[in-house]
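Trainee: Could you take me through one part of this model in detail? I would like to see how a single helix sits in its surroundings, and then how that fits with the rest of the chain.

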Amino acid sequence: MTGSLALTLGLAVLIGISLGLLGGGGSILAVPLLVYVADLPAKEAIATSLLVVGVTSAVGALPYARAGRIRWRTGLIFGVAGMTGAYVGGRLAAFVPAAVLLTGFALMMLATAAAMIRGRRDVPAAPTSPELPLLRVVLDGTVVGLVTGLVGAGGGFLVVPALALLGGLPMPVAVGTSLVVIAMKSIAGLAGYLPSVSIDWSLAAAVTTAAVVGSLVGGRFAGRVAEAVLRTAFGWFVVVMGVFVLVQQLAGGRAAGIAVAGLAGTIVAVGALAAGCRGGRRWTPPPVCRALHAAAAARG
């Protein structure tokens, strides 16, 4: 195993851990990992990330399914519409320059980071009715799927509110259902890329497996860390990475892998901070923890 492959798999595990701890958002780092550490071409990295996002989302949906927190009919309708848009987006990506795709992905990173920093707020569910607004559901699903297919981001921060507002789903059910939708449209986006992109399937399988293992590990510790603190700190790191990718594309330069390799230390440090900021009766959190808790409380 080469050093770059070992680093790629190690960081994929950490991305998976972040997914397990946060319940979403961490997969947004899959494309930078594959581009700047695994040294894949941009379009191959996006296609590979769609496999990673799709499989990890499907695995992440299992606990929600066991708990009865997935509305299958709504999810399948939204998901099929999303698959249509994602497949079209994947096919269109063949005609879009790689630099443009990475610029769009960087903007998606910034939007995801903003949603993470703001925190997951309860979106008032629409009044339940016997019929879904099918036209709106199909339209929204198609548009969100198109974005996923083009740039390789799951777009959970768009799917969850849409499911709550259009489908009348309570927030926990909307989150679980969104994982099904993300898995469906990610695989469809991958199918759209396949005619124009050659994928290293052994690398893709290894990265996906590492991310899934990490997500299972992270899920076991999800209740033992201060999620609001972790989400806020991780969101700011995604901001830094999004700006980094955006500047690289606008400047026309190519980033060195070492810049993204800092992801490992950052996630470990953020995780330690979140665990420490949880505090206890015999321990007083340091000022940075109190500040982050205050920020999280102010958003709530």
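Mentor: Happy to! This is a predicted model, and a good part to look at is helix α2, residues 30-37: eight of its eight residues are buried, so the helix is largely enclosed by the rest of the structure. Buried here means under 20% relative accessible area. Walking along α2, you meet Ala30, Val31, Pro32 and Leu33, then Leu34, Val35, Tyr36 and Val37, each of them buried. After α2 comes Asp39, which has a positive phi near 65°.

Now step back to the whole chain. It holds 12 helices and zero strands, and 50% of its 300 residues are buried. Of the contacts between residues at least 6 apart in sequence, 85% link residues at least 24 apart. The chain exposes about 13,100 Å², with carbon and sulfur atoms supplying 69% of that area.

For a look at how two of the helices pack, turn to α4 (residues 72-92) and α6 (residues 134-151). Their axes come within 6 Å and cross at roughly 35°, and the crossing is right-handed. On the α4 side, the residues in contact include Ala81, Gly82, Gly85, Ala86 and Gly89; on the α6 side, Val138, Gly141, Thr142, Gly145 and Gly149 are among them. Sorted by class, this contact has 11 nonpolar, eight polar and one charged residues, with glycine counted among the polar ones.

Notes. Residues numbered from 1 in each chain as written. Predicted model: local features only at pLDDT ≥ 70, side-chain atom pairs only at ≥ 80, totals over all residues. Heavy atoms only, no water. Helix = DSSP H or I, 4+ residues; strand = E, 2+ residues; numbered from the N terminus. Buried < 20%, exposed > 50% of the residue type's maximum accessible area, 1.4 Å probe, protein only. Contact = heavy atoms within 4.5 Å. Areas by Shrake-Rupley, 256 points an atom, 1.4 Å probe, with all protein chains shown as cover. Axes fitted to C-alpha atoms, helices over the stretch in contact; angles between N-to-C directions. Left-handed = near helix turned anticlockwise from the far one by under 90°.
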